[in-house]
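Trainee: Please take a close look with me at one part of this structure, and explain the terms as we meet them.

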Amino acid sequence: LWVNSYGDSGKQHELAKQFQQNFSAAPGLSSVGSGDTITTPVASLIHDHTPITGNPGAPVTVVAFIDFECPYCQSAFPTFERIRDTYGPAVKIVFKHFPIESIHPHAKRAARGAACAEEQNGFWPYYSSLFIKKDFSSDEALIQMARAQGLSIPLFQACLTDATTTTAIDKDIQDGIAIGVRGTPTYLVNQQKFEGVISDAEWDRILLQALQL
């Protein structure tokens with residue numbers, strides 16, 4: 001953040017290179033990277049289909065744009081789980097789908113499974129299963145995870161093929177592109193954007209600063 005603020009071009013290039021090693025960039029998308037501040041109200045990114053956890057009235061909102069097949073999202077999963085457990089009472093956490101199909105061919109299928117779990121109020125356990133099992137190469141794999149979670153399989157199967165499910169995911173992608181998301185994982189902490197895998201220590205610093213603790 002200091003480098004972005006004070007403009008050493010050599011350091012900026014070095015920082016960008018570092019993030020490229022921890023970040024799946026979507027082909028054809030570009031914008032200013034980590035540390036960028038968005039002007040779009042975070043509340044406008046939340047829709048009826050949007051999974052939310054934590055404290056609904058919290059002063060800090062964390063928005064996560066995630067691709068389930070992205071290796072860096074998979075790497076970031078354990079740390080983000082800790083963030084949810086540790087800071088859930090103090091922040092609101094919002095999930096946004098951002099499958100990058102051009103490089104992750106099964107990502108949108110996984111997103112459909114998670115969206116269908118959300119329809120039965122089972123998003124967060126299903127989200128965890130997708131990252132732990134890493135098996136979303138077929139609809140049957142998604143159904144097996146739904147069955148293990150005790151979800152209604154007829155409802156889940158109908159949802160997987162419902163066009164409105166894909167429309168909801170596409171809306172998340174459009175929201176991301178509109179605010180300059182260029183790959184995954186991308187996080188917003190209130191209006192500030194962060195890209196790539198974030199360490200435990202850095203998450204603590206970011207969130208404690210946002211909470212002014």
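**One helix and its surroundings**

Mentor: Let's begin where the axes of H3 and helix H9 (residues 200-211) come within 10 Å and cross at roughly 35 degrees. An axis here is a line fitted to C-alpha atoms, for helices over the stretch in contact, and the angle runs from 0 to 180 degrees between N-to-C directions. Helices (H or I, at least four residues) and strands (E, at least two) are DSSP runs numbered from the N terminus. Keep in mind that this model is predicted, with local features needing pLDDT of at least 70 and side-chain atom pairs pLDDT 80 or more, while totals for chains, interfaces and linings use all residues. Numbering starts from 1 along each chain as its sequence is written, and side-chain values use heavy atoms, without hydrogens or water.

On the H3 side of this crossing you will find Thr79, Phe80, Arg82, Ile83 and Tyr87, which meet Asp200, Trp203, Asp204, Leu207, Leu208 and Leu211 of H9; contact means heavy atoms within 4.5 Å. Sorted by class, the contact holds seven nonpolar, one polar and three charged residues. (Ala, Val, Leu, Ile, Met, Phe, Trp, Tyr, Cys and Pro count as nonpolar, Asp, Glu, Lys and Arg as charged, and the others, Gly among them, as polar.)

Now look at another partner of H3. The axes of H3, which covers residues 71-87, and H5 come within 10 Å and cross at roughly 145 degrees. H3 brings Cys73, Gln74, Phe77, Phe80, Glu81 and Arg84 to the contact, and H5 brings Trp124, Tyr127, Ser128, Phe131 and Ile132. Seven of these residues are nonpolar, two are polar and two are charged. Did you notice Phe80? Phe80 takes part in the contact of H3 with H9 and also in the contact of H3 with H5.

Phe80 turns up again around an empty space, the largest cavity, which is lined by Ile66, Cys73, Ala76, Phe77, Phe80, Tyr127, Phe131 and Tyr187. H3 and H5 are the elements that give two or more residues to this lining. The largest share, four residues, comes from H3. By class, the lining has eight nonpolar residues, with no polar and no charged ones. A cavity is a set of points on a 1 Å grid over the protein atoms alone where a 1.4 Å probe fits but cannot get out, and lining residues have an atom within 4 Å of a point.

Cys73 and Ile66 lead us onward. Both line the largest cavity, and both are touched by threonine 184. Threonine 184 also touches Phe23, Ser24, Phe65, Asp67, Cys70, Tyr72, Phe98 and Ile100, when residues up to four places away in sequence are not counted. Threonine 184 belongs to strand S5. Is threonine 184 buried or exposed? Threonine 184 counts as buried because its relative accessibility is 0%. Buried means under 20% relative accessible area, exposed over 50% and partly exposed in between (1.4 Å probe, protein chains only).

Right after threonine 184 comes a small surprise: the peptide bond from threonine 184 to proline 185 is cis, with omega near -10 degrees. Most peptide bonds are trans, and most residues other than glycine have a negative phi. Proline 185 sits in the loop between strand S5 (183-184) and strand S6 (186-189).

Two backbone turns of phrase, if you like, frame H5. Asparagine 121 is in the loop between helix H4 (107-119) and helix H5 (123-133). Though not a glycine, asparagine 121 has a positive phi of about 60 degrees, and its 73% relative accessibility makes it exposed. Lysine 134 lies in the loop between H5 and helix H6 (139-148). Lysine 134, also not a glycine, has a positive phi near 55 degrees and is partly exposed, with a relative accessible area of 48%.

Following the chain into helix H6, we reach arginine 147. Arginine 147 is partly exposed at 42% relative accessibility. Its contacts, leaving aside neighbours within four places in sequence, are Glu140 and Ile153.

Finally, step back to the whole protein. Nine helices and seven strands make up its list of elements. Of its 213 residues, 48% count as buried, as threonine 184 does. Among contacts with a separation of 6 or more, 79% join residues 24 or more positions apart.

Note on methods. 1 Å grid on protein atoms, 1.4 Å probe; cavity = no way out; pocket = protein on both sides within 12 Å on 5 of 7 lines; lining within 4 Å.
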